[in-house]
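Here is a friendly walk through one protein model, from its overall make-up down to a few individual residues. Keep the structure open beside you as you read.

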Amino acid sequence: TLLAVKELRRLLNLLADTYEEDGKGNLLDGMASLQFGRFRRQLMEHFNQKITTGRDRRALLYFAGLYHDCGKVDVRQIDSNDGRVHYYNHEVYSAEKLTKRAKRLVLSNEEVKFLNLLVTHHMRFHHLVKLNDELNRRTIYRYFRDLGPAGVDLIFLSMADTLATYGVTITPLHWERVLSVGRQLLEAWYEFHNEVVQPPRLITGKILIDTFMLEPGILIGQILSSIQEAQAVGQVNTVDEALTLAKLMIEQKVGHNETPNPNL
């Protein structure tokens, strides 16, 4: 854990601070700078943002780093077949402990929400790395739908976690995959935000209610969310296509996570 925080500080200094050529960089640092260099200005602004007066995202990220694995002690299991150690759902227990500590330190509700979000989802980036292919637009959209701006912070926490876990045994090939996932997410957030992360809504809830004679309720939100996701993946591009998808959802009465394909 302490090594993860140390690596986190080093990565932030390397990629989200004023660039200084000191000639001491190693191969892994060079690879990271190559992939993330063009985002340096945006990352500096991001991590200097104040969530609460006097505390910026950078400081809170260190706090999340200290607590992201603390729940492992509560869930440690040894497989009786192969002797391997598992920590299933440790992120949930870690988030609970972090939330209690943050409240005892009288952090703001916004800070507690941010920290809880990071720790609860801190395994998500690692799962994306295991996909071993380019991230599709739906995956990227859902990542930022659930995490919002904290998705940027999570990239750095996960990279530091990776370096701390593997240490000197990490291979350039694996590090390249980690960096590739981070780069794709940052590209979407900073360069294709309106296309992939948060496409502008084509229709409103009022239009749905008036067009399909619906009652206000949870279905309206599900439809609007599904339309936005369909926009992000390129399935819906016009108002007519959005209404077609809405009609299909109403007929099938499907939820947000079962978005029908309007092209079928």
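## Overall make-up

The protein contains 15 helices and 4 strands. Please keep in mind that this is a predicted model. Its C-alpha trace spans about 60 × 45 × 45 Å along the principal axes.

Of the 264 residues in the protein, 45% are buried. Among contacts with a separation of 6 or more, 69% are accounted for by residues 24 or more positions apart.

## Two nonpolar cores

In soluble globular proteins, nonpolar side chains tend to be buried together. Here, the largest nonpolar core has 54 residues. If you want to find its most connected members, look for Phe-156, Met-159, Trp-175 and Leu-185, which have the most contacts inside it. Helix H10 (residues 150-166) provides the largest share of this core, with 9 residues. Apart from this core lies another, made of 13 residues, among them Ile-203, Leu-208, Ile-220 and Ile-227.

Met-159 is a good place to zoom in. Leaving aside residues up to four places away in sequence, Met-159 touches Leu-11, Leu-15, Phe-36, Trp-175, Val-178 and Leu-179.

## Helix H4 and its two partners

Next, take helix H4 (residues 57-67), which packs with H10 at an angle of about 55 degrees, the two axes being 11 Å apart. With that angle, H4 counts as oblique to H10. The crossing of this pair is right-handed. On the H4 side, the contact is made by Arg-57, Leu-61 and Gly-65, while H10 brings in Ala-150, Asp-153, Phe-156 and Leu-157. Sorted by character, the residues of this contact are 4 nonpolar, 1 polar and 2 charged. Phe-156 thus appears in the contact with H4 and also among the residues with the most contacts inside the largest core.

The other partner is helix H7 (residues 109-120), whose axis comes within 10 Å of that of H4, crossing at roughly 50 degrees. H4 is therefore oblique to H7, and the crossing of H4 and H7 is right-handed. From H4, the residues Arg-57, Leu-60, Leu-61, Phe-63, Ala-64 and Tyr-67 take part, meeting Glu-111, Phe-114, Leu-115, Leu-118 and Val-119 of H7. This contact divides into 9 nonpolar residues, no polar ones and 2 charged ones. Arg-57 and Leu-61 of H4 take part in the contact with H10 and in the contact with H7.

## Two buried residues up close

Is Trp-189, in helix H11 (residues 172-191), buried or exposed? Trp-189 has a relative accessible area of 15%, so this residue is buried, the cut-off being under 20%. Not counting residues up to four places away in sequence, Trp-189 touches Phe-144, Gly-148, Pro-149, Val-152 and Val-197. For a sense of how the chain folds back, compare Trp-189 with Arg-41: they are 148 residues apart in sequence and 14 Å apart in space, C-alpha to C-alpha.

The other residue to visit is His-126, which lies in helix H8 (residues 124-129). His-126 is buried too, because its relative accessible area is 14%. Which residues does His-126 touch, not counting those up to four places away in sequence? They are Ser-158, Asp-161 and Thr-162.

Definitions and conventions
Residues are numbered from 1 along each chain as its sequence is written. This is a predicted model: local features need pLDDT of at least 70, side-chain atom pairs count only at pLDDT 80 or more; totals for chains, interfaces and linings use all residues. Side-chain values use heavy atoms; hydrogens and water are left out. Helices (H or I, at least four residues) and strands (E, at least two) are DSSP runs, numbered from the N terminus. Buried means under 20% relative accessible area, exposed over 50%, partly exposed in between (1.4 Å probe, protein chains only). Contact means heavy atoms within 4.5 Å. A nonpolar core is a set of buried Ala, Val, Leu, Ile, Met, Phe, Trp, Tyr and Cys residues joined through side-chain atoms within 4.5 Å. Axes are lines fitted to C-alpha atoms, for helices over the stretch in contact, and angles run from 0 to 180 degrees between N-to-C directions. Angles under 35 degrees count as roughly parallel, over 145 as roughly antiparallel, 65 to 115 as roughly perpendicular and the rest as oblique. A crossing is left-handed if the near helix is turned anticlockwise from the far one by less than a right angle, and right-handed if clockwise. Ala, Val, Leu, Ile, Met, Phe, Trp, Tyr, Cys and Pro count as nonpolar, Asp, Glu, Lys and Arg as charged, and the others, Gly among them, as polar.
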